[in-house]
Amino acid sequence: MDYVSAIVPPLVMAILFIAVIVTIIKNQGGANKAKEDAAVDAAFARAEAARQATGEDH
């Protein structure tokens with residue numbers, strides 16, 4: 001029975017890892033993509049405005 005206790009932790013970790021990867025892939029794109037893109041665009045706009053406000057125009 002030692003082999004069972006030796007294989008269970010890696011097996012559980014592998015199953016959880018696969019579940020995380022599947023969840024990430026399923027959440028790519030879709031309805032949330034526009035919201036995520038808008039958040040990134042807003043962050044870039046704020047960073048650009050702050051850079052221009054400090055006069056760091058290179």
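Welcome! V4 counts as partly exposed because its relative accessibility is 32%, where partly exposed lies between buried (under 20% relative accessible area) and exposed (over 50%), with a 1.4 Å probe and protein chains only. The residue sits in helix α1, and the model around it is a predicted one, in which local features need pLDDT of at least 70, side-chain atom pairs count only at pLDDT 80 or more, and totals for chains, interfaces and linings use all residues. Residues are numbered from 1 along each chain as its sequence is written, and side-chain values use heavy atoms, with hydrogens and water left out.

**The chain as a whole**

- The chain holds two helices and zero strands; these are DSSP runs numbered from the N terminus, with H or I over at least four residues for a helix and E over at least two for a strand.
- Its radius of gyration is 22 Å, whereas a compact globule of 58 residues would have one near 10 Å; the radius is taken over C-alpha atoms, and the globule rule is 2.2 Å times the number of residues to the power 0.38.
- Along the principal axes, the C-alpha trace spans about 70 × 30 × 15 Å.
- Of the 58 residues, 0% count as buried.
- About 5,200 Å² of surface is accessible, and 69% of that belongs to carbon and sulfur atoms; such areas come from the Shrake-Rupley method with a 1.4 Å probe, and for residues only the protein chains shown count as cover.

**Helix α1**

- Helix α1 covers residues 2-26, which is 25 residues, and reaches 37 Å from its first C-alpha to its last, close to the 36 Å expected at 1.5 Å a residue; the expected span is 1.5 Å times one less than the number of residues.
- At V8 there is a kink of about 30°, shortly before the proline P9; the bend is the angle between axes fitted to the seven residues ending at a residue and the seven starting there.
- V8 itself is partly exposed, at 39% relative accessibility.
- From V8 to I25 the C-alpha distance is 26 Å, with their positions 17 residues apart in sequence.
- I21 also belongs to α1 and is partly exposed, with a relative accessible area of 34%.
- The C-alpha atoms of I21 and D41 are 26 Å apart, for a separation of 20 residues along the chain.

**A nonpolar patch**

- M1, Y3, V4, I7, V8, L11, V12, M13, I15 and L16 make a nonpolar surface patch of about 1,000 Å².
- Patches take residues with over 30% relative accessible area and no salt bridge, joining like charges within 9 Å and nonpolar side chains (Val, Leu, Ile, Met, Phe, Trp, Tyr) within 5 Å.

**Helix α2 and its salt bridge**

- Helix α2 runs over residues 31-53, has 23 residues and reaches 34 Å from first C-alpha to last, close to the 33 Å expected at 1.5 Å a residue.
- N32 is found in α2 and is partly exposed, its relative accessible area being 37%.
- N32 and A19 are 13 residues apart along the chain, and their C-alpha atoms are separated by 20 Å.
- One salt bridge is counted, the rule being a side-chain nitrogen of Lys or Arg within 4 Å of a carboxyl oxygen of Asp or Glu.
- E48 and R51 form a salt bridge, with their closest N and O atoms 2.7 Å apart.
- These partners, E48 and R51, are separated by about one helical turn because they stand three residues apart in helix α2.
- E48 is partly exposed at 33% relative accessibility, and R51 is partly exposed at 28%.
- Just after α2, G55 takes a positive phi of about 80°.
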